[in-house]
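Thank you all for making time this morning. I would like to walk slowly through one structure with you, so please have it open on your screens as I talk.

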Amino acid sequence: MSESNVGGAAAKTVGERFRELYGAAPHGVWAAPGRVNLIGEHTDYNDGFVMPFALPHTAVAAVSRRDDGVLRLHSADVDAPVVELTADSLTPGTDKHWTAYPAGVVWALREAGHPVTGADIHLASTVPAGAGLSSSAALEVVVALALNDLYELGLRGWQLARLCQRAENVYVGAPVGIMDQTASACCESGHALFLDTRDLSQRQIPFDLAAEGMRLLVVDTQVEHSHSEGEYGKRRVGCEKGAALLGVDALRDVAHADLDEALARLGDEEEARRLVRHVVTENERVERVIALLESGDTRAIGPVLTAGHASLRDDFRVSCPELDLVVDTALASGALGARMTGGGFGGSAIVLTETTEAAAVTEAIRKTFTTAGFRTPRIFEAVPSAGARRLH
Ligand code: ADP
Ligand code: MG
């Protein structure tokens with residue numbers, strides 16, 4: 001994936017390439033970002049709270065509408081010719097390539113009764129794939145937004161997010177929650193998005209670290225989280241079992257104040273106890289982070305992030321040596337807080353640091369990774385950016 005093609009330059013390049021591929025200018029160009037989750041991990045399939053913000057990295061798509069049932073797909077980031085499909089023969093579970101994401105969106109829109117009769121699509125993305133930064137949701141949402149505009153469907157961001165989630169769950173076959181797509185569709189620049197995954201209500205929380213002399217670094221460990229699917233499934237089933245043992249619809253229904261009692265009721269169900277403890281305390285951490293941000297006590301969110309990491313590492317067990325090393329090194333070199341972000345087993349971690357310490361923290365992480373013989377991590381600053389939008 002190319003490094004920087006956000007905004008106008010990207011729209012131009014993607015539009016020009018579209019013209020080369022398809023022989024005419026696109027009807028429009030759209031962008032949708034990847035995301036980082038500030039806090040609220042593995043809560044979104046427990047009806048709980050999440051708090052992502054959008055990255056400046058985006059998937060940019062040049063798209064034209066077609067009314068002849070043909071769907072043509074091309075990605076600047078995949079070395080393959082244009083793929084041609086027909087809209088009415090799209091079948092869930094049959095496509096094992098990247099094309100399943102955009103095709104799945106067309107399928108989900110049509111299945112929901114929206115009259116989408118084809119499209120020509122060329123896209124390029126600066127969201128690193130497989131790094132836990134949600135390149136897949138960026139891809140889905142940019143296509144969904146383009147089709148929403150071109151077919152004048154009038155769907156809102158949260159509705160597009162649900163259709164994209166359905167595309168990924170059913171068409172691609174990945175049992176993901178609703179966070180990534182909602183973040184890509186609904187985030188606003190300078191804000192984190194508080195999302196209640198039970199009723200999809202959302203609130204924009206001002207989150208401007210630079211103004212307060214802080215930075216949030218993303219450390220992509222370059223460890224692929226590809227083997228994580230089975231483990232993710234196990235955690236989901238485990239959480240459902242925990243909820244069933246406690247007699248609630250979802251772990252969201254266990255109040256933090258009642259946690260000790262709930263754990264006692266689980267007796268020697270050790271696995272369920274660990275999963276329940278993570279989800280219940282994580283929801284409470286989201287609420288605490290919001291309260292701290294809203295009261296202007298931004299530095300105090302650092303230890304809450306770090307506590308979230310400990311919970312994911314020790315109770316939920318979805319971390320890995322590389323992610324733990326980022327967190328330990330960051331804290332030892334003066335960071336305010338750090339945690340893995342995304343599903344785990346690789347991918348990325350986030351580090352909250354004073355602006356004045358950012359360079360030293362970055363250097364310390366690079367150094368320990370070299371010493372440990374790990375891959376060189378990719379470290380960049382995450383500035384809360386805009387959600388999906390039309391560029392042209
Ligand atoms: P994540 O969403 O965390 O980046 P996923 O495994 O959910 O990881 O999605 C990554 C997949 O999305 C890639 O394997 C590829 O199929 C698809 N993808 C992401 N970006 C692009 C792109 N620019 N072009 C084509 N496919 C992409
Ligand atoms: Mg994904």
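Let me start with a question: how many bridges join strand 9 to strand 11, and in which direction do the two strands run? Strand 9, residues 214-220, is joined to strand 11, residues 348-354, by 7 bridges, and the two run antiparallel. Within that pairing, Val219 stands opposite Ala349 of strand 11.

Before going further, I should say that this is a predicted model, in which local features need pLDDT of at least 70 and side-chain atom pairs count only at pLDDT 80 or more, while totals for chains, interfaces and linings use all residues. Residues are numbered from 1 along each chain as its sequence is written, and chains are lettered from A and ligands numbered from 1 in the order in which they are written.

Now to the sheet itself. It is an open sheet of 4 strands in the order 10-11-9-12, with antiparallel pairing, where two strands pair if DSSP finds at least two bridges between them. Strand 10 (337-341) and strand 12 (378-381) are the edge strands, each pairing on one side only. From one strand to the next, the twist averages 20°, with axes being lines fitted to C-alpha atoms, for helices over the stretch in contact, and angles running from 0 to 180 degrees between N-to-C directions.

Helix 9, residues 301-314, lies across strand 10 and strand 11, and runs at about 40° to strand 10. Helix 10, residues 321-332, packs on the sheet and touches strand 9, strand 10 and strand 11, its direction making about 170° with that of strand 10. Contact here means that the C-beta atoms of two residues, placed from the backbone, lie within 7 Å.

Stepping back, the protein chain has 11 helices and 13 strands, which are DSSP runs numbered from the N terminus, with helices (H or I) of at least four residues and strands (E) of at least two.

Of the 392 residues of the protein chain, 50% count as buried, that is, 20 or more other C-beta atoms lie within 10 Å of the residue's own, with C-beta atoms placed from the backbone. Is helix 5 largely enclosed or left open, and why? Because 8 of the 8 residues of helix 5 (residues 179-186) are buried, this helix is largely enclosed by the rest of the structure. Among these buried residues are Met179, Asp180 and Cys186.

Finally, along its principal axes the C-alpha trace of the protein chain spans about 60 × 50 × 40 Å.

Notes
A residue is buried if 20 or more other C-beta atoms lie within 10 Å of its own, exposed if 12 or fewer, and partly exposed in between; C-beta atoms are placed from the backbone.
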